[in-house]
Amino acid sequence: MSEMSLYNNINIYLFVGLFLLACGIVGVLYRRTLVSMLISIELIMNGAGLNLVVFNRFVAPERAYGMAFTLFIMGIAAAEAAIALAIIILIFRRFKNVESDELKEMKD
Amino acid sequence: MIIADAIFILIALMTMVGALTTILARSIIYAMLGLVVTMFGIAGMYIYLNAPFIAMMQILIYVGAISILIAFAIMLVGPLSQRPREWTTLTRFIIALVVAAFTFFVFIKIVVGSKWLPGMSSALNLTTKDIGRTLFDKLMLPFELISLLIVVAIIGAIMIALFSREEK
């Protein structure tokens, strides 16, 4: 009975993770400002973490490697967000906008 | 089981609607709120996967820390009235959609075509103790490297923010 349940189906979780990946790709390519691109990258990282826990639970349930790597992903996402936001604020201070199309020169 | 299935479907739909809001909302504030909804949905899916510790960490780190960081960045980057339009040209939207759809269908084909191991419906009985054992016995070096990375990132962010102001 529990095998017939919807939440014991690996494909649904993988579909949700893939949907987050596709949404993140669309956001990175399509959005205009740098902060929106960063938000889209966070979407991709969420999808990756979900995938790791799903594979840990359905394919290799003996060890907690997937969960440990999800924790690593969270730490890397926090560090990446801090650095990216510092760079975005720096860019805003220098160029007075954060549109990715306007940022053509790297050094003035 | 019917109620559990219904709640699971609701959580999955919430996650996907949040992701769509994140990429399609005109205002960046709504995009951030959509990201928060997505993160809560992912936390709910972690609970359905028998990983409550990861769910709590998801809420603490992503919803509590990273979204607040993004909110600060949105507030620091200019006033709301001078915010540029979030939408670009239709051509670029179609290109992004094509790239994302290509990736999506390639991975869907891989997922559908692969045979998963038997016994995959057995429940996951890993507790927080097991996660800690794995983290500190087997993955000691990556754990220390991650902590080093976070320290370097924090110091780097402070240096970037401070010295750019001074040189101006």
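The following exercises, each with a worked solution, concern a predicted model of two chains, A and B.

**Exercise 1. Determine the secondary structure of each chain and the share of its residues that is buried.**

Step 1. Chain A contains 3 helices and 0 strands. Read from the N terminus, its elements follow the order α-α-α.

Step 2. Chain B contains 6 helices and 0 strands, in the order α-α-α-α-α-α from the N terminus.

Step 3. A residue counts as buried if 20 or more other C-beta atoms lie within 10 Å of its own. In chain A, which has 108 residues, 52% are buried. In chain B, 24% of the 168 residues are buried.

Step 4. Consider next the contacts with a separation of 6 or more. Residues 24 or more positions apart supply 48% of such contacts in chain A and 49% of them in chain B.

**Exercise 2. Describe helix H1 of chain A by its span and its burial.**

Step 1. H1(A) covers residues 10-30, which gives 21 residues.

Step 2. From its first C-alpha to its last, H1(A) reaches 30 Å, close to the expected 30 Å at 1.5 Å a residue.

Step 3. Of the 21 residues, 15 are buried, and H1(A) is accordingly described as mostly covered.

**Exercise 3. Establish how H2(B) and H3(B) are oriented to each other, and characterise their contact.**

Step 1. Two packed helices are described by the angle between their axes and the distance between the axes. For H2(B) and H3(B) the angle is about 175° and the axes are 8 Å apart.

Step 2. An angle over 145 degrees counts as roughly antiparallel. H2(B) and H3(B) are therefore roughly antiparallel.

Step 3. On the side of H2(B), the contact includes Met32(B), Phe40(B) and Tyr46(B); on the side of H3(B), it includes Gln58(B), Tyr62(B) and Ser67(B).

Step 4. Sorted by class, this contact has 20 nonpolar residues, 2 polar residues and no charged residues.

Step 5. The loop between H2 and H3 of chain B holds Asn50(B). The phi angle of Asn50(B) is near 60°, a positive value in a residue other than glycine. Asn50(B) has 16 other C-beta atoms within 10 Å and is therefore partly exposed.

**Exercise 4. Give the span of H3(B), list its buried residues and name elements that cover them.**

Step 1. H3(B) has 25 residues and reaches 35 Å from its first C-alpha to its last, close to the expected 36 Å.

Step 2. Its buried residues are Ile54(B), Ala55(B), Met57(B), Gln58(B), Tyr62(B), Ile66(B), Ile70(B), Ala73(B) and Ile74(B).

Step 3. The cover over these residues includes H2 and H3 of chain A, together with H2 of chain B.

**Exercise 5. Analyse the packing of H2(A) against H2(B).**

Step 1. H2(A), residues 34-58, packs with H2(B) at an angle of about 5°, and the axes are 10 Å apart.

Step 2. Angles under 35 degrees count as roughly parallel. H2(A) is therefore roughly parallel to H2(B).

Step 3. Among the residues in this contact are Val35(A), Glu42(A) and Val53(A) of H2(A), and Thr38(B), Met45(B) and Tyr46(B) of H2(B).

Step 4. By class, the contact has 13 nonpolar, 3 polar and 1 charged residues.

**Exercise 6. Characterise the interface between the chains and the largest nonpolar core.**

Step 1. The contact between the chains draws 77 residues from chain B and 69 residues from chain A.

Step 2. On the side of chain B that touches chain A, H4(B) gives the most, with 12 residues. The residues of that side divide into 60 nonpolar, 12 polar and 5 charged.

Step 3. The largest nonpolar core has 71 residues, and those with the most contacts inside it are Val35(A), Val53(A), Met67(A), Met45(B) and Tyr46(B).

Step 4. Elements giving two or more residues to this core are H1, H2 and H3 of chain A, with H1, H2, H3, H4 and H6 of chain B. H3(A) gives the most, with 14 residues.

**Exercise 7. Decide whether Val151(B) is buried or exposed.**

Step 1. Val151(B) lies in helix H6 of chain B.

Step 2. A residue is exposed if 12 or fewer other C-beta atoms lie within 10 Å of its own. Val151(B) has 11 such neighbours and therefore counts as exposed.

Step 3. Lys138(B) is 13 residues from Val151(B) along the chain, and their C-alpha atoms are separated by 22 Å.

Notes
Residues are numbered from 1 along each chain as its sequence is written. Chains are lettered from A and ligands numbered from 1 in the order in which they are written. This is a predicted model: local features need pLDDT of at least 70, side-chain atom pairs count only at pLDDT 80 or more; totals for chains, interfaces and linings use all residues. Two residues are in contact if their C-beta atoms, placed from the backbone, lie within 7 Å. Helices (H or I, at least four residues) and strands (E, at least two) are DSSP runs, numbered from the N terminus. Ala, Val, Leu, Ile, Met, Phe, Trp, Tyr, Cys and Pro count as nonpolar, Asp, Glu, Lys and Arg as charged, and the others, Gly among them, as polar. Axes are lines fitted to C-alpha atoms, for helices over the stretch in contact, and angles run from 0 to 180 degrees between N-to-C directions. Angles under 35 degrees count as roughly parallel, over 145 as roughly antiparallel, 65 to 115 as roughly perpendicular and the rest as oblique. The expected span of a helix is 1.5 Å times one less than its number of residues. A nonpolar core is a set of buried Ala, Val, Leu, Ile, Met, Phe, Trp, Tyr and Cys residues joined through C-beta atoms within 7 Å.
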